[in-house]
Amino acid sequence: MNKAFVREPDSTDAYCPHCGSQGETVSAVTLAAQLTPACQQRLSTPAQFCPSPQCRVVYFDAFERQVTVDELDHAVYPKDPDAPICACFGFCRDAIEQDVREGGVTRTRAAVEKAKSADAQCQQRAANGRSCVAYLQKAYTQCRSQMGAN
Ligand SMILES: [Zn+2]
Ligand SMILES: [Zn+2]
């Protein structure tokens, strides 16, 4: 059987209609926590999160309907670099910068431990509905290379 034209129903090969980044599938739980009811109604599920920090589209669906940054009532990471990286505990980039300045990882490591704990609510609080651990680690690496360059 030729499978070339068979599309998986849960395919994640969705690309942002604005910037072309590959989307990250988000659940209805995440959308309900992040969006106003009016914005939610505009999107069909599964919707996608656009992970590009530069792109103003936050969510889009298979019909290229979009919700943009200015339609949210709060700032989300990584669209806004100053928004909490782990919104569950309000952990922001400045704490990572402090770690890097001190040459340590104390704050970042504590945040990672918390994000892994049962108290974390990343599915509701993170814009992409995923564990904040990946973004924490990525932000630390970015921060270290940026600050090290100075
Ligand atoms: Zn995008
Ligand atoms: Zn979190």
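**A four-stranded sheet and a pair of helices**

This predicted model holds an open sheet of four strands in the order β1-β2-β3-β4, with antiparallel pairing, where strands are DSSP runs of E with at least two residues, numbered from the N terminus, and two strands pair if DSSP finds at least two bridges between them. Because β1 (24–26) and β4 (66–68) stand at the edges and each has a single partner strand, one side of each is left without a neighbour in the sheet. From one strand to the next, the twist averages 35°.

Within the sheet, β2 (residues 47–49) and β3 (residues 57–60) pair in the antiparallel sense over two bridges, and Phe49 has Tyr59 in β3 as its bridge partner.

We turn now to the helices, which are DSSP runs of H or I with at least four residues. Helix α3 (residues 93–102) packs against helix α6 (residues 133–148) at an angle of about 55°, their axes being 9 Å apart; axes are lines fitted to C-alpha atoms, for helices over the stretch in contact, and angles run from 0 to 180 degrees between N-to-C directions. That angle makes α3 oblique to α6, since angles under 35 degrees count as roughly parallel, over 145 as roughly antiparallel, 65 to 115 as roughly perpendicular and the rest as oblique. On the α3 side, the contact is made by Arg93, Ile96, Glu97 and Val100, and on the α6 side by Ala139, Tyr140, Cys143, Arg144 and Met147, contact requiring C-beta atoms, placed from the backbone, to lie within 7 Å.

Residues are numbered from 1 along each chain as its sequence is written, while chains are lettered from A and ligands numbered from 1 in the order in which they are written. In this predicted model, local features need pLDDT of at least 70 and side-chain atom pairs count only at pLDDT 80 or more, whereas totals for chains, interfaces and linings use all residues.

Notes:
Contact = placed C-beta atoms within 7 Å.
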